[in-house]
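Got your viewer open and your mouse ready? Let's walk through this one together, one selection at a time.

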Amino acid sequence: MAELKDIMTIRTRFAPSPTGYLHIGGIRTALFCWLYAKKHGGDFLLRIEDTDRERSTQESVNAILDGMAWTGLDYDGDAVLQSDRFDRYREVADQLLSSGQAYQCYCSKDELDEMRAAQVARGENPRYDGRCRNRVDAEDGIKPVLRFKTPTEGSVTVNDLIHGDVTFENAQLDDLVIIRSDGWPTYHFSVVIDDHDMDITHVFRGDDHLNNTPRQIHMIEALGFARPVYAHMPMILGADGARLSKRHGAVNVMGYKDEGYLPDALINYLVRLGWSHGDDEIFTREQMIDYFDIVDVNPAASKFNGEKLDWVNQQYIIAGTGTEHGAELAAQLELLGVDINNGPVPAEVYEAFKERAVTLKAMAVSMLWLYQDFDAFDEKAAKKNLRPVIKEPLIALHQTLAGLTEWTAANIHNAIQAVADQFALKFGKLGQPVRVIVTGAGVSPPIDATVELVGKERTLERFDVALEYIAAREAAAG
RNA sequence: GCUCCCUUCGUCUAGCGGUUAGGACACGGCCCUCUCAAGGCUGAAACACGAGUUCGAUUCUCGUAGGGAGCACCA
């Protein structure tokens, strides 16, 4: 007999709530979910959980959509909005109410708080005690909530792909609210209905939901729905071991775009958090899908390490080309207020800078002198390299460069070498002063490529400025 | 407080009863070198603790400790 999973199409979903930006932990859950679906030739769906009408915003919905697009986690079909499904939730709620599996509760917030305080004082798990279960009279003027009748005895076992079988005693559970007094369903209720209606076979989510799963399973059973397979992903923690949150800094996925990270690098970093394939570190998307196996997912939480992300990002920048990332680099330059028409084409500059930048943003910052004139030389670099002793060689080089008809790195290199030889200097003794002259400071790509990129006109102008600087220094020294 | 989950270098991890416990980031040293990088070589760095099972435990079981999460008319 064929296993159910063999004849069924695997369908997973990512179900974030639009109450802020798209969280880095969320995108990692989405990634594993996406990977699992792709690996098994299934579907990956997106559902926006916006039943909390108070906190959900359109802006946040857009942030989710933008984040999915930027990271390249493509989903099948259109995103499902829970707010479009209000009537369906009511329908199922009515069904539960009429079958006696749910009941109306008129307890006030104060009453509930009091009850829980008393339970905690007694060393018990704070939980709703079911006092409205058998209530028949409605209370005027109070809009009731609907509670689900959770079994009070026995236990449920969650079969989890990552954590194995986890058993919960029903006595620990309580009658949860499934419809709020405003008529909207709560998370636990809408998830159960949506996952069923969307034919979701595998539920991937953070393992902060593991404790909630038995409650949902009871509703699934009451409704006669098929139980999905669960995979509770370990949390991502901050460096201090606490759950990753805003206070740890960059948790907004789109923030990484702004900071100059490549989406492939972020995804690659994230896939290695809690999952591995031997000693491999860098994976293409195809390799990730090919190698991915849920049994290799580590059940333990992991700490987010920005330095490792930086390294991965740099690996992707080095492996990338100007054709691929030129537009992103240009965007970073423009963010810095640079007019990219005032210098070389970013896509062509990329090659010279890619081995010395951790992010596209840092790369842009390191090449500002290609597009803007600087007001002064870096003090330390100038003091060390723009000395009177190098004045004559620089004058000679200035002339040689001015005479170059073809402004190529090779010709520039030869020019520097020739002048260095003429004055019996090592290449670097002349190269470094030139670097300071054209860039204003002591760091740049190889000097010949640097000078070529700066351009002939600008280079000669900057030589003039530097020569004046040295002359002034000479005069001051007397 | 109760319930659940988790535990290999500082960090991410490999390991799936017998290994000099491997790799990666970060850190130190050396090489390369016109700067900075990149790259190569190299060093230091871990099985939380205690019982048990076993000829033999990092690996299996149970405790302990530590960490995380849940206990809402938030998801």
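Here is a tour in a few stops, beginning with the RNA and moving on to the helices and some single residues. Keep in mind that you are looking at a predicted model.

**Stop 1: the RNA and its surroundings**

Select RNA strand B and show the protein residues within 4 Å of it. You should get 61 residues around the strand. The closest are Pro 126, Arg 180, Gly 274, Glu 355 and Ser 444. Which part of the RNA faces the protein here? Of the atoms of RNA strand B that come within 4 Å of the protein, 70% belong to sugar and phosphate.

Now color those surrounding residues by class: there are 19 nonpolar, 24 polar and 18 charged ones.

Next, turn on the cartoon and see where the residues come from. Several elements each supply at least two residues to the surface near RNA strand B, among them α5 (109-121), β7 (164-169), α6 (187-197) and α18 (427-439). Which element gives the most? Pick α11 (306-319): this helix leads the list with six residues.

**Stop 2: three polar contacts with the RNA**

Zoom in on Glu 49. An N or O atom in its side chain sits 2.9 Å from a sugar or linking oxygen of RNA strand B.

Then jump to Arg 272. Here a polar backbone atom is the partner, 2.8 Å from a sugar or linking oxygen of RNA strand B.

Finish with Lys 303, where a polar backbone atom lies 2.9 Å from a phosphate oxygen of RNA strand B.

**Stop 3: α12 and α13**

Hide the RNA for a moment and select residues 322-335, helix α12, together with residues 346-353, helix α13. Their axes come within 8 Å and cross at roughly 100°, so α12 is roughly perpendicular to α13. To see who makes the contact, show Gly 322, His 325, Gly 326, Leu 329, Ala 330 and Leu 333 on α12, then Pro 346, Ala 347, Tyr 350 and Glu 351 on α13. By class, that contact has six nonpolar, three polar and one charged residues.

**Stop 4: α16 and α18**

Now try another pair: helix α16, residues 391-402, and α18. Their axes are 11 Å apart, at an angle of about 70°, and the two helices are therefore roughly perpendicular to each other. Show Pro 393, Leu 394 and Leu 397 in α16, and you'll find them meeting Leu 430, Pro 433, Val 434 and Ile 437 in α18. What classes of residue are in this contact? Seven are nonpolar, with no polar and no charged ones.

**Stop 5: a salt bridge**

How many salt bridges does the whole structure hold? A search finds 28. For one to look at, select Asp 194 and Arg 85, whose side chains meet with 2.5 Å from N to O. These two link distant parts of the chain, being 109 residues apart. Asp 194 is in helix α6, while Arg 85 is in the loop between β3 (80-81) and α4 (86-98).

**Stop 6: two backbone oddities**

Last, click on Asp 199, in the loop between α6 and β9 (202-206). Its phi is near 55°, a positive value in a residue other than glycine. Then go to Ala 424, in the loop between α17 (409-422) and α18. For Ala 424, too, phi is near 55°, and this residue is again not a glycine.

Terms used:
Residues numbered from 1 in each chain as written. Chains lettered and ligands numbered in written order. Predicted model: local features only at pLDDT ≥ 70, side-chain atom pairs only at ≥ 80, totals over all residues. Heavy atoms only, no water. Polar contact = N/O pair within 3.5 Å; in protein donor to acceptor, adjacent residues only side chain to side chain. Helix = DSSP H or I, 4+ residues; strand = E, 2+ residues; numbered from the N terminus. Nonpolar A, V, L, I, M, F, W, Y, C, P; charged D, E, K, R; others polar. Axes fitted to C-alpha atoms, helices over the stretch in contact; angles between N-to-C directions. Parallel < 35°, antiparallel > 145°, perpendicular 65-115°, else oblique. Contact = heavy atoms within 4.5 Å. Salt bridge = Lys/Arg side-chain N within 4 Å of Asp/Glu carboxyl O.
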